[in-house]
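Q: Please take a close look at how one pair of helices packs in this model, and then place that pair in the rest of the chain.

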Amino acid sequence: MSGVTEAPVEQMVFELALESPALASQPTETPRHVTLLSFDLAFLSFEEFNAYFADGILTTEELQELFFSIDGRQNNNLDTDKLSEYFSEHLGEYLNVLSALESLNVAILKAMDKTKEEYQGSSVLGQFVTRFMLRETSNQLQSLQRSLQCAMEAVEEQSSPAPSVLRYDTSEISPIKHISYH
C-alpha cells in the first residue's frame, strides 16, 4: 500500500470531479460531477492501480506504461487527481451516460426511501402497485445490463490477442421494453 491508508482497493471511494481544464470548454448543460470509480486515497501505488484496472487484455507492462504516463513523476504513487483528469479527458459520450446513471441512482434511492416509509400503511392495491413498480424498474435495469454485457463481451472479444470478427451490432441488442408512465 502507499502508506496513506490501509483500506482494501474494493472499499475505496474516489469521485471523478469534472472540473478539469479538459471540460472547461464543454457546454453548461454538460454534467460537472460524476462518480466513476471507488477510491478514498490521495495516491495509488502501481500494485493498487493494477489490482483495480487489470482487465485481462492489457498486459502488466502495458498497465505499468499507462500508470507512469499518467503519473509523470514515476515514483509509484499516482496522484488520484491526475487519474481523475486522465479519465475526464477521455469520457466522450460516457459523460452523459455516467451522469444519467448517477441521477438514476439518486432517483431510485429516493423511491426506495419513500417505499420504505409508506408501503406498510398502503392499501392492498397500493402495495400491489408498489411491487409492480419495483419489478418493472428491476426488469428495465436488467435489460439495460444485458445490453451492456453484450457490448462489453463484443469489445473484449475484439480486443483479445487473436481477435475474431467483431460481432457487436446494436441491432442485435434488444431494446429496453418499456411501458409509458404518463
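Is the crossing of H4 and H5 left-handed or right-handed?

A: The crossing of H4 and H5 is left-handed. This is a predicted model, and the description below is computed from its atoms.

Two packed helices are described by the angle between their axes and the distance between the axes. H4 covers residues 94-118 and H5 covers residues 124-159. Their axes come within 12 Å and cross at roughly 160°. An angle over 145 degrees counts as roughly antiparallel, and H4 and H5 are therefore roughly antiparallel to each other. On the H4 side, the contact is made by Leu104, Ile108, Met112 and Thr115. On the H5 side, the residues are Thr130, Leu134, Thr137 and Leu141. By class, the contact of H4 with H5 has five nonpolar residues, three polar residues and no charged ones. Thr115 of H4 belongs to the polar class, as do Thr130 and Thr137 of H5.

The rest of the chain gives the setting for this pair. The protein chain has five helices and four strands. Along the sequence, these follow the pattern β-β-β-α-α-β-α-α-α. Two further helix pairs can be described in the same terms, and H2 takes part in both.

One of them is H1 with H2. H1 spans residues 46-53 and H2 spans residues 60-71. The two axes come within 10 Å, with a crossing of roughly 120°. That angle makes H1 oblique to H2. The crossing of H1 and H2 is right-handed. H1 contributes Phe46, Phe49, Asn50 and Phe53, which meet Thr60, Leu63, Gln64, Leu66 and Phe67 in H2. These residues divide into six nonpolar and three polar, with no charged residue in the contact of H1 with H2.

The other pair is H2 with H3, where H3 covers residues 80-88. Here the axes come within 9 Å and cross at roughly 105°. Angles of 65 to 115 degrees count as roughly perpendicular, so H2 and H3 are roughly perpendicular to each other. Leu66, Ile70 and Asp71 in H2 meet Lys82, Leu83 and Tyr86 in H3. The contact of H2 with H3 holds four nonpolar residues, no polar ones and two charged ones. Asp71 and Lys82 belong to the charged class. Leu66 of H2 is among the residues that meet H1, and Leu66 also meets H3.

Asp71 of helix H2 can be followed further. Asp71 counts as buried because its relative accessibility is 0%, below the 20% cut-off. Leaving aside residues up to four places away in sequence, Asp71 touches Asn76, Asn77, Leu78 and Lys82. Asn76 lies in the loop between H2 and strand S4, which spans 78-79. Asn76 is not a glycine, yet it has a positive phi of about 65°. With a relative accessible area of 27%, Asn76 is partly exposed. Asn77 is also found in the loop between H2 and S4. At 24% relative accessibility, Asn77 counts as partly exposed. Asn77 and Phe49 are 28 residues apart in sequence, and their C-alpha atoms are 9.7 Å apart in space. Phe49 is one of the H1 residues that meet H2.

Some totals cover the whole chain. Of the 182 residues of the protein chain, 24% count as buried. The chain exposes about 12600 Å², and carbon and sulfur atoms supply 56% of that area. Among contacts between residues at least 6 apart in sequence, 58% join residues at least 24 apart.

To return to the part asked about, H4 and H5 are roughly antiparallel, and their crossing is left-handed.

Note on methods
Residues are numbered from 1 along each chain as its sequence is written. This is a predicted model: local features need pLDDT of at least 70, side-chain atom pairs count only at pLDDT 80 or more; totals for chains, interfaces and linings use all residues. Side-chain values use heavy atoms; hydrogens and water are left out. Axes are lines fitted to C-alpha atoms, for helices over the stretch in contact, and angles run from 0 to 180 degrees between N-to-C directions. Helices (H or I, at least four residues) and strands (E, at least two) are DSSP runs, numbered from the N terminus. Angles under 35 degrees count as roughly parallel, over 145 as roughly antiparallel, 65 to 115 as roughly perpendicular and the rest as oblique. A crossing is left-handed if the near helix is turned anticlockwise from the far one by less than a right angle, and right-handed if clockwise. Contact means heavy atoms within 4.5 Å. Buried means under 20% relative accessible area, exposed over 50%, partly exposed in between (1.4 Å probe, protein chains only). Accessible areas come from the Shrake-Rupley method with a 1.4 Å probe; for residues, only the protein chains shown count as cover.
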